[in-house]
Amino acid sequence: MMAHLASIAKTSPNELEAKMTQMSEEIRKGHREIEKLRGQLMRGEIDQLMIGTREIGGLRLVTLTRDHIPADRLREMGDEMKARTENMVAVLASTEENKVTFCVSCGKEAVQKGIFAGDLIKHLCRITGGGGGGRKDSAMGGGRDPIKVDDAIATVDEYILTHVKKEEV
């Protein structure tokens with residue numbers, strides 16, 4: 001058995017432990033490099049999204065729908081966007097075969113103007129047959145009907161306009 005494992009690792013049985021340790025470290029190093037590159041890719045995509053924001057009710061809105069984005073990556077993206085712009089409302093969605101995951105992030109100014117991520121996420125998730133919740137500045141949720149994700153996203157502009165606090169003059 002050891003001889004077979006050593007041949008797979010292209011080493012001698014006496015050197016197998018050292019070779020396995022080396023290979024394990026190379027794998028960990030590769031994983032760290034992948035995560036670093038994913039972060040750079042995410043920041044590049046966020047840069048592109050930030051260019052495409054639009055103003056709704058005095059706030060900057062960005063929406064994104066993609067397939068197969070892990071929930072933690074959606075949250076990272078939302079957190080990065082709200083950190084960059086205080087009047088940001090970011091509505092991010094990821095679809096799978098039979099589910100949709102939403103992340104809503106609201107910057108400090110958006111929250112002050114009455115747009116709460118937890119409330120908006122509940123609104124979006126109801127449309128797609130699910131639920132969710134969270135804080136005023138960050139919320140996650142999901143639904144069972146990914147076909148309706150575009151319908152849900154299409155309601156965001158109107159949602160903001162009806163919930164944003166009007167500036168008193």
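**Notebook: strand β4, salt bridges and overall build**

I began with the strand pairs, and found that β3 (residues 88-95) and β4 pair in the antiparallel sense over 7 bridges. I am working from a predicted model, so please read every value here as computed.

**Entry 1: around β4**

I looked at how β3 and β4 are connected, and they form a hairpin with 4 residues between them. For one pairing I checked A93, whose bridge partner in β4 is F102.

Then I asked which strand joins β4 through 6 bridges. It is β6 (residues 138-143), and β4 and β6 run antiparallel. In that pairing I found T101 of β4 opposite G142 in β6.

Next came the cover on the strand itself: is β4 mostly covered or uncovered? I found 7 of the 7 residues in β4 (residues 100-106) buried. I also sorted the side chains by direction: V100, F102, V104 and C106 point one way, while T101, C103 and S105 point the other way. Both sets are buried. So F102, the partner of A93, and T101, which stands opposite G142, point opposite ways from the strand.

**Entry 2: salt bridges**

I wanted to know how many salt bridges the structure holds, and the count comes to 14. As a reminder to myself, side chains of opposite charge can pair when their charged atoms come close.

I started in helix α3 (residues 71-84) with E76 and R73. They form a salt bridge, with the closest N and O atoms 3.4 Å apart. Why can these two reach each other along the helix? They are 3 residues apart in α3, which means a separation of about one helical turn. I then compared their exposure: E76 is partly exposed at 34% relative accessible area, whereas R73 is at 15% and counts as buried. The cut-off for buried is under 20%, so R73 falls on that side of it.

This pair has company, I noticed: E35, R38, R73 and E76 are linked in a network of salt bridges.

I moved on to K82 and D79, also in helix α3 and also 3 residues apart, about one turn of the helix. Their salt bridge has its closest N and O atoms 3.7 Å apart. K82 counts as buried at 17% relative accessibility, and D79 is partly exposed at 30%.

Outside that helix I looked up D137 and R135, whose side chains meet in a salt bridge at 3.1 Å, N to O. D137 is partly exposed, with a relative accessible area of 26%.

**Entry 3: aromatic rings**

How many aromatic pairs does a search of the whole structure find? I got 0. I did find a charge over a ring, though: K136 lies over the face of F116, at 4.9 Å from the ring centre.

**Entry 4: the whole chain**

I stepped back and listed the elements, which are 7 helices and 6 strands. From the N terminus on, I read the order as α-α-β-β-α-β-β-α-α-β-β-α-α.

For overall shape I took the radius of gyration, which is 22 Å; a compact globule of 169 residues would have one near 15 Å. The C-alpha trace spans about 80 × 30 × 25 Å along its principal axes.

I also noted that 39% of the 169 residues count as buried. Last, I checked contacts between residues at least 6 apart in sequence, and 58% of them join residues at least 24 apart.

Key
Residues are numbered from 1 along each chain as its sequence is written. This is a predicted model: local features need pLDDT of at least 70, side-chain atom pairs count only at pLDDT 80 or more; totals for chains, interfaces and linings use all residues. Side-chain values use heavy atoms; hydrogens and water are left out. Buried means under 20% relative accessible area, exposed over 50%, partly exposed in between (1.4 Å probe, protein chains only). Two strands pair if DSSP finds at least two bridges between them. A salt bridge is a side-chain nitrogen of Lys or Arg within 4 Å of a carboxyl oxygen of Asp or Glu. Rings of Phe, Tyr and Trp (its six-membered ring) pair if their centres lie within 6.5 Å; planes under 30 degrees apart count as stacked, over 60 as edge-to-face and the rest as tilted. A charge sits over a ring if NZ of Lys or CZ of Arg is within 6 Å of the ring centre and within 35 degrees of the ring normal. The radius of gyration is taken over C-alpha atoms; the globule rule is 2.2 Å times the number of residues to the power 0.38. Contact means heavy atoms within 4.5 Å.
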